[in-house]
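Me: Please take a close look at how the helices pack, against each other and against a sheet. I am new to this structure.

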Amino acid sequence: MIGLRSISKNKQTINSISKSFYCTSSSSVKLSVTRLIDGYRSHGHLAANIDPLARMERIRSQLLDIGRYNLVKGQNIPSTIDLINQDLTNLDQVVNFLENAYCNDVTAQFDHIESIEEKAWLYEKFEQLQHQTPTKAEKINILKNLIKSEIFDQFMQKKFPTFKRYGLEGNESMMVSCDSIFRESAKNQLKNVVIGMPHRGRLNLLVQMCNYPAKDFFWKVKGNSEFSEGILGVGDVTSHIAVSTDLQFDGENNNKESVHVSLIHNPSHLEAVDPVAAGKTRAKQFYEKNEGGADSLCLMLHGDAAVAGQGVVTETLQLSQLSGFNIGGCVHVIVNNQIGFTTTPSNGRSNRYSSDIGKFIGAPIIVVNSQSPEQVEKVSRLAVEYRQKFKKDIIIDLIGWRKFGHNEVDEPSFTQPTMYQNIRKRQSIPQKYATQIINEGIFTEQELSEFTQQEQRLLEEQFQLATPENFKYSPMDHLQGKWSGLIQSKHIADDSKLDTGYSLEQLEQIANDSVKVPSDFQVHQRLLRSFANARLEKLKQNQADWATAESMAVGSLMKQGYNVRISGQDVGRGTFSQRHFNLTEQNSDRIYQPLNNMGAQGKLDVVNSNLSEFAVLCYEYGYSLESPNTLPIWEAQFGDFINGAQIAIDQFVTSGESKWLRQSGIVILLPHGFDGAGPEHSSCRIERFLQLSDTEAVNVQNDQLIKQETNFYFINPSTPANYFHALRRQMMRNYRKPLIVAGPKVLLRHSNCFSNLNEMGPGTHFQPVLSDPDTINDPASIKRVIFCSGKVFYDLQDERKAKNINDVAIVRLEQIAPFPYERIQEEINRYSNATKFAWVQEEQQNGGCWSFVEPRFKQRYPQTSQIKYIGRPPLAASATGISSIHKKEVAQLLIDAFNF
């Protein structure tokens, strides 16, 4: 078999037939007809004419054979009005009806859906599509969308023959589908459609339907920047460009219906944009105060090979009905070229259809031949109608072909010779449909010629504007709308000038409120003792531990009108049972969130996610793009698991602003620390994040270079107060940057890890470097200085005290990137008698901060030009899994730290 896989290579079919839920008659004939209908509904798709290349194996299942049910051709039967909503009394009429519904150019699979109500609705609506005939105006609109797509591809091929545009030839019906979805969305009074899509056909949609200025597009294709002068950014390739636009359509009674469409940026990592689009949709719904999804729709366009092969698709689908991620259903359209680069379906998936991926969440699946654009238009409207009624995902599998190779300069016949012999003989879908409606007398050849010339002329005019002497940038949507008033930061700000403190009286009240529950709410006794009462006792001493500082940071932001959303595995309680934003009533499982009941203007959204890192982090990143007024936090269960979301870090979090001018204030919390838990519960891989920082590492004597703003901030805080300020700093700035936090584990309950509330009061701020509290008053006696970061400070402090060492200072770098040059200089100046300097870390030599800090210490400061490394040796894994060796490593580290 060539092409789509068959689920039954020997054409044997399932013999067992489930009893239809429609059958209420005891008549044996009626029962037989009912079983025949069930056969078509479950297996009719195998015989459908859905492959325009006719390469797919079509199977005539025995379940479609009337003889199997003791029925004969032409037989009179009881009325089928209660079975298919059609009053048919002859078996031939029934068969024709079912053949047209399930074995023609469009078919469907609903049998896997659990809900009887949904199936009944879908069967009736889908089967009635054959009786719907588009109006003259609708047919002309379909044709124009097809022709516009074709003209764009031909224009690009003529002007830029070697440009990789990933054209839509062979599946131009995607444009028909999108137009239908947009129109139906506007008709249903949806405010927004958020689109996540890959490269195939993206440029057609961008320019020919979503109003991206063609002159700007041609300017970019010619090798120029998409950013106007004065805006910092590296830009991205054309197939990743985004656009937001308002589309308007003619509605009933001459009324205008409109919808705002946002085609968001995507990386080349296929399907990675899916959860980003979903997250942005959820955020829109939040700000619309309608989380049921009535006002914003997510449209995801997929490639057939990628949707079957990329695991993030499954992760994203799994989020679809979870309360913290539900967006009221998503419409999926698979732009199915029957090939992925050079990979055929038989090598690309183990099931028949690429759309089968949706079965595990019970999504309806409609498969349609791209050569039947009228059917494409109808099923696209049906998809929006289903989503609006049931608030669930639905999938359209649009099967066409790809005229060229993966890109236009690729030769596909190297690997698919017979497929491309077939393709190159075919009339294009737009021209085939044009011939059809010209023959129907709906459109004339002259009208087609005039429309074609008009579209070509418009593109040519825009092309002429994309010359150095004529070009002017269109207004950019950078920092507009909800983001208005924020800036693009170009220089690293001085934290000492940004007051992130808060009223001490208010902080104390927030901390008290954070453990307050109704009188009839029974908290677990152990939790009451070790968490709530312990917090209150420390407050009496004017102290706060890590979790209390976090609650005060979150609560104070809420008091100021900001929203906070925290998601991840177990975040309501916290991996280490430290947070407890959610409290559970012991007799009823009822959840109570104290911070949401203290009368704050802002809202706290606590989302315990499923066991996904990649999709959930992408989702939260997408959420963060919608508005700067929400502090978005994602926490890994352990920092080690962040590498399961490495694509999200590389393609979105650390580079999104530079590529696309889209700011994100997302906070990523990564529990980190070497405490003997082994290779997968010790390290968030600090070194990998620091490698992604775009801070200067060579010309560090150049003050201008080292003060340039960076792509994200990385901190390894060691005090609750600094963590408090870091969270508040995210929202107090007049710009947004991602914040990566190497968070604590043992410090959550460390006896010395408390902060005085005064350190969080008015006039206080985040401190990128913390002076040594034990030596700051006698710096002249210090001969050696240790620089370190994170929890290792407390181990070093205890060791120094135990050994009665008085000539060593321990300075903490709380912020690693951007590198705090000025504060480090102050510490070096403070200890002017010191002659030896060391960097001490608990991580292995090829991990942690060493490779990042070493060139900066050695090249910036003469005193530290010979700074010594003290830490674990290079390791293949991040840590040892043998507890006895771990203990020896810790002991040796402490010995080495005070003997350099």
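**Helix packing**

Reply: Helices H17 and H19 cross in the right-handed sense (the near helix is turned clockwise from the far one by less than a right angle). The model is predicted, so local features need pLDDT of at least 70 and side-chain atom pairs count only at pLDDT 80 or more, while totals for chains, interfaces and linings use all residues. Residues are numbered from 1 along each chain as its sequence is written, and side-chain values use heavy atoms, without hydrogens and water.

H17 covers residues 504–513 and H19 residues 546–559; their axes come within 9 Å and cross at roughly 110 degrees. The two helices are therefore roughly perpendicular (65 to 115 degrees). On the H17 side, the contact (heavy atoms within 4.5 Å) is made by Gln506, Leu507, Ile510 and Ala511. H19 supplies Thr548, Ser551, Met552, Gly555, Ser556 and Lys559. By type, these residues are four nonpolar, five polar and one charged (nonpolar: Ala, Val, Leu, Ile, Met, Phe, Trp, Tyr, Cys and Pro; charged: Asp, Glu, Lys and Arg; polar: the others, Gly among them).

A second crossing involves H5 (residues 136–159) and H16 (residues 445–465), whose axes come within 10 Å at roughly 45 degrees. H5 and H16 are therefore oblique to each other, and their crossing is right-handed. H5 brings Leu143, Lys144, Ile147, Lys148, Ile151, Phe152, Phe155 and Lys159 to the contact. From H16 come Leu448, Phe451, Thr452, Glu455, Gln456, Leu459, Glu460 and Phe463. This contact divides into nine nonpolar, two polar and five charged residues.

Other helices pack on a sheet. Five strands form this open sheet in the order S19-S21-S20-S23-S24, with mixed pairing (two strands pair if DSSP finds at least two bridges between them). S19 (769–770) and S24 stand at the edges with a single partner strand each, so one side of each has no neighbour in the sheet. H26 (residues 792–802) lies across S20, S21 and S23 and runs at about 170 degrees to S21. H29 (residues 883–897) lies across S20, S23 and S24, at about 160 degrees to S24. Angles run from 0 to 180 degrees between N-to-C directions, with axes fitted to C-alpha atoms.

S23 (residues 836–844) and S24 (residues 868–872) run parallel, joined by four bridges. Ala838 stands opposite Lys868 of S24. Helices and strands are DSSP runs (H or I, at least four residues; E, at least two), numbered from the N terminus.

Note on methods: Parallel < 35°, antiparallel > 145°, perpendicular 65-115°, else oblique.
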